[in-house]
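Please open the structure in a viewer and keep the selection tool at hand. The stops below say what to select next and what is found there.

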Amino acid sequence: MTVLFVIFGILLIVSGVSLMTTPLFTFLNAGYFIVILIGVYGIMGIVKSIVKKKFGLNFIFSIISILFSGCVMFFPHMMLLTDSIMIYMTAAWFVLQGIINIITSIRITKPLGTGLWILQLIFGILGILIGCYSFFHPLAMAVSMGVLIGIYFIETGMSMIVTASVADDLRRP
């Protein structure tokens, strides 16, 4: 499981760099790109919940992610709706994921006694700030969507790698 999180974290970082370097292409195709990544993220979250036998907030959020992704991908007429409200969906996604990162850093990573919980806490705060910025400045978000989503994917990828390394440290005697 740790290896999957590291691989997925690296994929998110690479995707984030790609999004930042092609912002116009990102805005034009962001709907499909985001929907696919949300679906993959949901699948990873469900697998993690099943393996750890913890069916809390992350599990529910993962199910919602898969349902949303499936609806948009299998009903193409919904992509028009998705594109029209993508800015606000992206903002909400940033805020929700930021909250989950903060909860994870305080409830799981901090008690382990490593300093990595602070990094994950910072990533969560950044996610919330990006989301709030997007809600209050939607036109600026439309123009800078590729860069903001790229930054967030990079920080989420780094957060996943940090979480995987902490989990790996727990397994070592």
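Select Phe-55 first: in this predicted model, Phe-55 is partly exposed, with a relative accessible area of 49%. Now add Phe-59, which is buried at a relative accessible area of 19%. The centres of the two rings, Phe-55 and Phe-59, lie 4.9 Å apart, and their planes meet at 85°, so the pair counts as edge-to-face.

**Lys-53**

Move next to Lys-53, which sits in the loop between helix H2 (23-52) and helix H3 (57-74). Is Lys-53 buried or exposed? Its relative accessibility is 68%, so Lys-53 counts as exposed. The backbone deserves attention here as well: Lys-53 has a positive phi of about 55°, although it is not a glycine. For comparison, most residues other than glycine have a negative phi.

**The aromatic pairs**

How many aromatic pairs does a search of the whole structure find? The search finds five. Select Tyr-41 and Trp-93, an edge-to-face pair with 5.7 Å from centre to centre and 80° between the planes. This pair links distant parts of the chain, with Tyr-41 in helix H2 and Trp-93 in helix H5, 52 residues apart. Both Tyr-41 and Trp-93 are buried. Add Phe-61 to the selection to display one aromatic cluster, formed by Tyr-41, Phe-61 and Trp-93.

**The cavities**

Keep Tyr-41 selected and turn to the enclosed spaces. A search of the whole structure finds three cavities of 30 Å³ or more. The largest cavity has a volume of about 250 Å³. Its lining consists of 17 residues, and those nearest its centre are Phe-5, Tyr-41, Lys-48, Asn-58 and Gln-97. Colour H2, H3, H5 and H7, the elements that each give two or more residues to the lining of the largest cavity. By class, the lining of the largest cavity has six nonpolar, ten polar and one charged residues.

The second largest cavity holds about 100 Å³ of space. To display its lining, select Phe-8, Leu-12, Ile-34, Leu-37, Ile-38, Tyr-41, Trp-93, Gln-97, Tyr-152, Phe-153 and Thr-156. Helix H1 (2-21), H2, H5 and H7 are the elements that give two or more residues to this lining. Which element supplies the largest share of the lining of the second largest cavity? That share, four residues, comes from H2. The lining of the second largest cavity has nine nonpolar, two polar and no charged residues.

**The second largest pocket**

Next, select Ile-38, Phe-68, Met-89, Ala-92 and Trp-93, which lie nearest the centre of the second largest pocket among its 15 lining residues. Two or more lining residues come from each of H2, H3, helix H5 (86-109) and helix H7 (138-171). The largest share, seven residues, is from H5. About 260 Å³ of space lies in this second largest pocket. The classes in its lining are 13 nonpolar, two polar and no charged residues.

**Helix H6**

Select residues 116-136 to display helix H6, which has 21 residues. From its first C-alpha to its last, H6 reaches 31 Å, close to the 30 Å expected at 1.5 Å a residue. Which residues of H6 are buried? They are Trp-117, Gln-120, Leu-121, Phe-123, Gly-124, Gly-127, Ile-130, Gly-131 and Ser-134.

Within this helix, centre the view on Trp-117. At 19% relative accessibility, Trp-117 counts as buried, because the cut-off for buried is under 20%. Then select Val-162 and draw a distance between the two C-alpha atoms: Trp-117 and Val-162 are 45 residues apart along the chain, and their C-alpha atoms are separated by 8.7 Å.

**The cysteines**

For the last stop, select Cys-71 and Cys-132. Cys-71 counts as partly exposed, with 34% relative accessibility, and Cys-132 is also partly exposed, with a relative accessible area of 31%. How many disulfides does a search of the whole structure find? The result is zero. In general terms, a disulfide is a covalent bond between the sulfur atoms of two cysteines.

Conventions: Residues are numbered from 1 along each chain as its sequence is written. This is a predicted model: local features need pLDDT of at least 70, side-chain atom pairs count only at pLDDT 80 or more; totals for chains, interfaces and linings use all residues. Side-chain values use heavy atoms; hydrogens and water are left out. The expected span of a helix is 1.5 Å times one less than its number of residues. Buried means under 20% relative accessible area, exposed over 50%, partly exposed in between (1.4 Å probe, protein chains only). On a 1 Å grid over the protein atoms alone, a cavity is a set of points where a 1.4 Å probe fits but cannot get out, and a pocket is an open set with protein on both sides within 12 Å along at least five of seven lines; lining residues have an atom within 4 Å of a point. Grid points are joined across faces, edges and corners, and a volume is the space filled by probe spheres set on the points. Ala, Val, Leu, Ile, Met, Phe, Trp, Tyr, Cys and Pro count as nonpolar, Asp, Glu, Lys and Arg as charged, and the others, Gly among them, as polar. Rings of Phe, Tyr and Trp (its six-membered ring) pair if their centres lie within 6.5 Å; planes under 30 degrees apart count as stacked, over 60 as edge-to-face and the rest as tilted. A disulfide is a pair of cysteine sulfur atoms within 2.5 Å.
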